[in-house]
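User: I've got a model loaded up and want to talk through a couple of its residues. Can you walk me through it?

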Amino acid sequence: MGRHHTDFVTTIFMPPKTPRLSTELLAYYRLISSRPFTVVDVETTGFTPAECRVIEISVIQASLKDGIILQKTSLINPGILIPPQITRFTGITQAMVDGAPPPHQVWHDLQTLLVNGILAAHNL
């Protein structure tokens, strides 16, 4: 390897000895480090968003300072039958959601968690 290659590798992979962070980046870091993160995951009746309904929602709220603040999982009655392939995929049966609350009730309960924090979601 020649000197040019070594300089390139050093430039790309070695951070500077004295990092210079912009004012905007520092302000952003302070903002995200002071607020909780709310992580959301959902299970649905299918794989096509326009055609499926939510059958379960899980929420974890955590902060860099306090760690996990809250964990909550709620089954949701979708008002339709859960296809057998979704039961095999998620483990959620029709009997499990038949007595569960409707979507609007669950969303209402979760709204306060989503307002004050930074939202991070999977499959949402």
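Here is a short run of questions and answers on this predicted model.

User: Let's start broad: what pattern does the protein follow along the sequence?
Analyst: This is a predicted model, and its secondary structure adds up to five helices and four strands. Going along the sequence, those elements come in the order α-α-β-β-β-α-α-α-β.

User: And how much of the protein counts as buried?
Analyst: The exposed surface is about 9300 Å², with carbon and sulfur atoms supplying 60% of it. As for burial, out of 124 residues the share that counts as buried is 23%.

User: Is serine 63 buried or exposed?
Analyst: Serine 63 sits in strand β2, which covers residues 54–63. Leaving out residues up to four places away in sequence, it touches Pro36 and Ile69. Its relative accessibility is 13%, and the cut-off for buried is under 20%. So serine 63 counts as buried.

User: Which backbone nitrogen does the side chain of serine 63 reach?
Analyst: The separation is 2.8 Å, and a polar contact needs a pair of N or O atoms within 3.5 Å. The partner is the backbone nitrogen of aspartate 66.

User: Over to threonine 44: which backbone oxygen does its side chain reach?
Analyst: Threonine 44 belongs to strand β1, residues 37–44. It counts as buried because its relative accessibility is 18%. Beyond four places in sequence, it touches Cys52, Arg53, Val54, Ile55 and Ile86. At 2.5 Å, its side chain reaches the backbone oxygen of glycine 46.

Technical notes
Residues are numbered from 1 along each chain as its sequence is written. This is a predicted model: local features need pLDDT of at least 70, side-chain atom pairs count only at pLDDT 80 or more; totals for chains, interfaces and linings use all residues. Side-chain values use heavy atoms; hydrogens and water are left out. Helices (H or I, at least four residues) and strands (E, at least two) are DSSP runs, numbered from the N terminus. Buried means under 20% relative accessible area, exposed over 50%, partly exposed in between (1.4 Å probe, protein chains only). A polar contact is a pair of N or O atoms within 3.5 Å; within protein, one must be able to donate a hydrogen and the other to accept it, and residues adjacent in sequence count only if both atoms are side-chain atoms. Contact means heavy atoms within 4.5 Å. Accessible areas come from the Shrake-Rupley method with a 1.4 Å probe; for residues, only the protein chains shown count as cover.
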